[in-house]
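Dear colleague,

I am handing over the structure below, since you have not worked with it before. After it you will find notes on what was found, and I would be glad if you read them with the structure open beside you.

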Amino acid sequence: MSNIPFIDLSAQRDRLGTAIVDAVTNVINHGKYIMGPEVGELEAALSDFCGAGHTVSCSSGTDALMLPLMVWGVGPGDAVFVPTFTFAATAEVVALLGATPVFVDVTRDTFNMDVESLKAAISEARSRDLRPVAIIPVDLFGQPADYSAISTIAKEEDMRLLADAAQSFGAKFCDEKVGTIGDATATSFFPAKPLGCYGDGGAVFTDNDELAAGMRSLRVHGKGTHKYDNARIGLNARMDTVQAAVVLEKLKIFADEIVARKAVADRYNAALGDHLTVPVLDQRSTSAWAQYTVLAEDRDALATALKENGIPTAVYYPLPLHRQTAYRDYPAAPPGMTNSDYLSEHVISLPMHPYLEADVQDRITGAILSHLQG
Ligand SMILES: *Cc1c(COP(=O)(O)O)cnc(C)c1O
């Protein structure tokens, strides 16, 4: 039996024909490899797509999280609230700036930040004499976090709201597109994300002029009026022109791909919904379906059975951040990270991409059902 890919980037390449090679060749020929015209074109196209006032492209999703925190001056003594059930970058940027990531549990159904746990985390930070300054909700697997409750808390507590939308660009919450929610939104163009390039890349979206200007300076070593005027201590965090050219081409089919991802998710839901815990979408949300993640009693046995049938799976994430060696000494909300601990032992993600055809998907769901029915 043939092996099924977890994400099929070659199907996307076939669809795009020579468009990407032509776009990359064009960059190689014009020679403006750093901050070439495609970078600005991509920023304008992304702003058009999501409705953000400013798009600031950068070198990765991680830098996209780092840049707004740097402009806001986040540092020692500051508490930044992050879910523990996420990729390390969400907490990493906070710790790198000398601030304290404070871990928040997630809900078992949406996998996203739990609002009661967030409130407990804020009290916990205060009891440790930390100043609550920002919340970074993560839109895990493509579904936006509960921004209506979280932004209310952010306003009450006078904190900034930075959305980690590395997995959710293309989704909506309450009819608002990801990219226009909160003070700033960070996304990633890592190849496996819904909108990926052929390397590393990222972007920050904001309506705030000052924040955008600060990030444009920081991504080029904190430049002032010109390259050799250093107004602040910054980074080398520009997006490569070649990568911008790649994303520009992929963006043309992205809306259509989001529709196709939803169709794949709907087919999984229909086939598996009575047999496994399938993803729960908040009524107010659409998802970019970066991953299709189910809960299984014995997920390792399921993974083994599927592997024998040439079907790959993945576990995002096997260990929540509060249990990682690098992060276990940072504070976590009382009474604990129960849901995240549970999820890390039961989640399993199935092949998911816009080009997953119904007959291949039947093979996947058939193998799952025959395993479950023993
Ligand atoms: C991928 C990812 C990031 C980091 O993006 P990079 O482009 O790999 O730096 C941050 N947060 C989440 C939730 C991610 O999935």
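**Notes on the loops and the sheet**

Methionine 35 sits in the loop that runs between helix 2 (19-30) and helix 3 (37-50), where helices (H or I, at least four residues) and strands (E, at least two) are DSSP runs numbered from the N terminus. Its phi is near 50°, a positive value in a residue other than glycine, and at 34% relative accessibility methionine 35 counts as partly exposed; here buried means under 20% relative accessible area, exposed over 50%, and partly exposed in between, with a 1.4 Å probe and protein chains only.

Please keep in mind that this is a predicted model, in which local features need pLDDT of at least 70 and side-chain atom pairs count only at pLDDT 80 or more, while totals for chains, interfaces and linings use all residues. Residues are numbered from 1 along each chain as its sequence is written, and side-chain values use heavy atoms, with hydrogens and water left out.

Phenylalanine 141, in the loop between strand 4 and helix 7, also is not a glycine and has a positive phi, of about 65°; at 5% relative accessibility, phenylalanine 141 counts as buried.

Two cis peptide bonds can be looked up in the loop between helix 11 (299-308) and helix 12 (338-346). One joins tyrosine 316 and tyrosine 317, with omega about 5°, and the other runs from proline 334 to proline 335, with omega near 5°.

Turning to the sheet, seven strands form an open sheet of mixed pairing in the order 1-9-8-5-4-2-3, two strands being paired if DSSP finds at least two bridges between them. Strand 1 (54-58) and strand 3 (100-104) stand at the edges, each with a single partner strand, so one side of each has no neighbour in the sheet. On average, and with direction ignored, neighbouring strands of this sheet are turned by 30° against each other; axes are lines fitted to C-alpha atoms, for helices over the stretch in contact, and angles run from 0 to 180 degrees between N-to-C directions.

Strand 2 (residues 78-83) pairs with strand 3 in the parallel sense over five bridges, and valine 82 stands opposite phenylalanine 103 in strand 3. Helix 6 (residues 115-127) lies across strand 2, strand 3 and strand 4 (131-135), running at about 145° to strand 3. Helix 7 (residues 147-156) packs on the sheet and touches strand 4 and strand 5 (160-164), its direction making about 150° with that of strand 5, where contact means heavy atoms within 4.5 Å.

With best regards
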